[in-house]
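User: Please take a close look at a single part of this model and how the rest of the chain covers it. One connected account will do.

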Amino acid sequence: MGSEQEGMEQRRFDRQTLLKLAAAGGAGLAVGRTGIADAMWTAATAETGRLQVLDWAGYGNDGGQAMFAAYVKAHAANKPQFTYMTNEADALAKFHAGLKVDLFRPYVGWVKYFATSGLVQPWDTSKISNFKHLNPFMVKAGQYGGKQYGIPADWGFDAILYRTDKVKPKSNSWSLLYDERYKGKIAWFDDPVENLTIAGMILGAKDPWNQTDAELDKSKKFLISKKHLVRTIWSSETDLWQVFGSGDVWIALAWPNDWVQMKKKGLPVVYMHPKVGRQKPIAWIGMFMLLDGSTRPDLAHAYVDAWSSAKSAKWLEDNYGYGEANTVAKPSSSDLLKVLQLSNPHAVGLPNAYTDRDVPRRAVYAHAWDEVKAS
């Protein structure tokens, strides 16, 4: 009964609503792209029900509320309801199992896969007022076939976190993750593509994201030969923070927020960007995607618009230590500004970093990584 009443209230259109619309849009509303007539129609046929969002832990009502506060204020009857994903493969499995959501946020390496899967539809960027402030490089990375399938959101680097009082790198290289001097003090991240791609960089694979059978076998055997150095393979950041913060680990494949958290603990840490030869950090970009068949596309656009605002972006940078696609926002910390290279709009692309990308043989990489972990 409650939801039905909310729907009726949303559809109610009286003189007071018209006056509010006119006041909000002024003269521009009458001659603009939508016009008062379109605004009246939109209000009269408002989408109903709670917006269904599939996202990562920490980005819903479990800590990330500030990112969508403007949406909740404007759409109190359609507050987001969250389901959590552990990775993109998990999201895909949930969809195949029948989960129905309006939008979700995979990362940039999956844009092509989902754009060609039939599971998602392009966004109408004219409905996202903050779209003009988003990093053009990241915007382009969310396109496929000339259509905007991904709206860039959070971003960061896969790079190396290490303690300066315990570790003396020979060079700014991914090789630090496999340094025999630090046996038992190293943490890898549980991801097949990241690990095998990094190994491919070190071993000289022509295309680390699309290695041949021979190259991939070489990368797999290299990781197996170095696994004895590893204290833990982490999948949850809180697990990494515990082992790194306690001193059990001194070196880790990590994200910017991990650097932030260890700095808060007072540890002397550096977030190193590999840059030896063809080696570079790997940049990831969260991409909001709109599910095909969503019954709340306008609400989904409003939600993403709230996420894309400068206010939300600054909160994310200040609190989570990640970058945000909105180029107007700047974090309070000058150290974080430097680590994320926020003054450089091309920080996530060449020559600074490799943007994560489509992996044609993702399943083969996953099988090889399973063999590494089982060794």
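**Helix 12 and its surroundings**

Analyst: In this predicted model, the residues of helix 12 that count as buried are Leu299, Ala300, His301, Tyr303, Val304, Asp305, Ala306 and Trp307. Helix 12 spans residues 297–307, and because eight of its eleven residues are buried, the rest of the structure largely encloses the helix. The cut-off behind that reading is a relative accessible area under 20%.

Two of these buried residues lead outwards from the helix. Tyr303 and Trp307 belong to one aromatic cluster, together with Tyr59, Phe68, Tyr71, Phe82, Tyr84, Phe288, Trp315 and Tyr320. A charged residue meets one member of that cluster: Arg105 lies over the face of Tyr59, 4.2 Å from the ring centre.

Another cluster member, Phe288, leads to strand 12, where it is buried on one side along with Ile282, Trp284, Gly286 and Leu290. The other side holds Ala283, Ile285, Met287, Met289 and Leu291, and these are buried too, which leaves both faces of the strand covered. Across residues 282–291, ten of the ten residues of strand 12 are buried.

The neighbours of strand 12 can be taken in turn. Strand 7 (residues 151–163) runs antiparallel to strand 12 and is joined to it by six bridges; Gly156 has Trp284 as its bridge partner there. Strand 3 (residues 103–104) is also antiparallel to strand 12, with two bridges, and so is strand 4 (residues 120–121), again with two. Leu290 is involved with each of these short strands: it is the bridge partner of Leu103 and of Gln121.

Strand 14 is arranged in parallel with strand 12, through two bridges. Here Ile282 stands opposite Tyr354. The loop between helix 14 (334–340) and strand 14 (354–355) contains Pro351, and the peptide bond from Leu350 to Pro351 is cis, with omega near 10 degrees.

Beyond the cluster, the aromatic contacts can be set in context. The model has 27 aromatic pairs. One of them joins Tyr178 and Phe222 edge-to-face, at 5.0 Å centre to centre and 75 degrees between the planes. This pair links distant parts of the chain, with Tyr178 in the loop between strand 7 and strand 8 (186–189) and Phe222 in helix 9 (residues 213–226), 44 residues apart. Tyr178 is buried at a relative accessible area of 4%, and Phe222 is buried at 16%. Arg357 also meets a ring: its charged end sits over Trp209, 4.0 Å from the ring centre.

Note on methods:
Residues numbered from 1 in each chain as written. Predicted model: local features only at pLDDT ≥ 70, side-chain atom pairs only at ≥ 80, totals over all residues. Heavy atoms only, no water. Buried < 20%, exposed > 50% of the residue type's maximum accessible area, 1.4 Å probe, protein only. Helix = DSSP H or I, 4+ residues; strand = E, 2+ residues; numbered from the N terminus. Pairing = 2+ DSSP bridges. Phe/Tyr/Trp six-rings, centres within 6.5 Å; stacked < 30°, edge-to-face > 60°. Lys NZ or Arg CZ within 6 Å of the ring centre and 35° of its normal.
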